[in-house]
Amino acid sequence: MKDLINIAIQASVDAGKEIMQIYRTGDFGIEKKADNSPLTLADKAAHHKIMEYLEKTQIPILSEEGSLHDYSKRQNWSKLWIVDPLDGTKEFVKKTGEFTVNIALIENNFPVGGVVFVPAEKTLYYGSEEGAFKAILSDNWENEAEVKTLETQKLPLPNESQSLKIVASVSHLSKETEDFANILKEKYGETEFMSVGSSIKICKVAEGSADIYPRLGPTMEWDTAAGQAVAEAAGAIVMNWNSQKRFDYNRKELLNNWFVVAGKRFTEKELAELIKNSGL
């Protein structure tokens, strides 16, 4: 497992180098996919770089920018990689810096390891059975052949704040998410609301700087798998809104149900009751 996580870390950082080179040029080569979402040269370059690493592991790969194999084939995969080469393409195009590289290792339908790299912030999140960690790369990371970290911290980080911190999407804030946030405010009193792009939201819960991330809107498996691996390794809960059970992967339908990511302030029972009683 450790070797596979190290491969995923190196793949994500090298993909980040490809992304940042294009990011600085401002020439993104933007296309529209079938669902009208943007596709850039950076998405493609990051995908190819990641494939160079992961194909060597001989583990099947499900990537947003790769071949989306039919379920009749995928259902026999007990182990696979789920990859989003550039999560937060809208934020990339807007040049906010809030975009990530997501690589998750799935076994028997659940994440067992994952890497989320934020190249514009030289910040790396990763998790496995050994725990969850946040690492800051050196200022010269784009010119280094191997990943070197200046500082690595085990997650979650200490947080003495009394207010409930809610994190939500910067580009996809649904009315239902706002309604659920209002329910949380009524129940828990003092709250703070932060809006962040891409899978950084899940990592904010993993590190403890946010308490809960409700996503009451559409996402795909590659948007959440790596973040879930990090969050769960940090002791957080990732709950399917419909079933109130742990979020699973490599399903026939790759479109995710609504979900909630919650940190140590919530128990599974408490979170399930919140969802059931929300009326949403």
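Colleague: What makes the E221–R251 contact a salt bridge?
Modeller: The closest approach, N to O, between the two side chains is 3.5 Å. A salt bridge requires a side-chain nitrogen of Lys or Arg within 4 Å of a carboxyl oxygen of Asp or Glu, so E221 and R251 qualify. Bear in mind that this is a predicted model, where local features need pLDDT of at least 70 and side-chain atom pairs count only at pLDDT 80 or more, while totals for chains, interfaces and linings use all residues. Residues are numbered from 1 along each chain as its sequence is written, and side-chain values use heavy atoms, with hydrogens and water left out.

Colleague: Why say that E221 and R251 tie parts of the chain together?
Modeller: Because E221 lies in helix α7 (residues 221-233) and R251 in the loop between β13 and β14, 30 residues apart in sequence. Helices (H or I, at least four residues) and strands (E, at least two) are DSSP runs, numbered from the N terminus.

Colleague: Why is E221 called buried?
Modeller: Its relative accessibility is 0%. Buried means under 20% relative accessible area, exposed means over 50%, and partly exposed is in between (1.4 Å probe, protein chains only). R251, at 17%, therefore counts as buried too.

Colleague: Which residues do salt bridges with shared partners join into one network?
Modeller: K33, E64 and E65. The search of the whole structure finds 15 salt bridges.

Colleague: What makes K49 and E52 a salt bridge, and how are they placed in α2?
Modeller: Their side chains meet at 3.4 Å, N to O, and the two sit three residues apart in helix α2 (residues 41-54), about one helical turn. K49, at 19%, counts as buried, whereas E52, at 44%, is partly exposed.

Colleague: What about K17 and D14, how far apart are their closest N and O atoms?
Modeller: They are 3.2 Å apart, and the pair forms a salt bridge. K17 and D14 both lie in helix α1 (residues 2-25), three residues apart, about one turn. Both are buried.

Colleague: On to the rings: how many aromatic pairs turn up in the search of the whole structure?
Modeller: Twelve. One of them is F117 with W141, at 5.2 Å centre to centre and 85° between the planes. Rings of Phe, Tyr and Trp (its six-membered ring) pair if their centres lie within 6.5 Å; planes under 30 degrees apart count as stacked, over 60 as edge-to-face and the rest as tilted. So this pair is edge-to-face.

Colleague: Where do F117 and W141 lie?
Modeller: F117 is in strand β6 (residues 110-118) and W141 in the loop between β8 (131-137) and β9 (149-155), so the pair ties together parts 24 residues apart in sequence. F117 is buried, at 0%, and W141 is buried, at 5%.

Colleague: What makes W241 and W258 edge-to-face?
Modeller: The angle between their planes is 70°, with 5.7 Å centre to centre. W241 and W258 are both in the loop between β13 (237-240) and β14 (259-262), 17 residues apart in sequence. W241 is buried, at 5%, while W258, at 25%, is partly exposed.

Colleague: How do you know that K95 lies over the face of Y23?
Modeller: K95 is at 5.0 Å from the ring centre. A charge sits over a ring if NZ of Lys or CZ of Arg is within 6 Å of the ring centre and within 35 degrees of the ring normal. K187 lies over the face of Y188, at 5.7 Å from the ring centre.

Colleague: Which cluster includes Y23?
Modeller: Ring pairs link Y23 with F28, F92 and F99.
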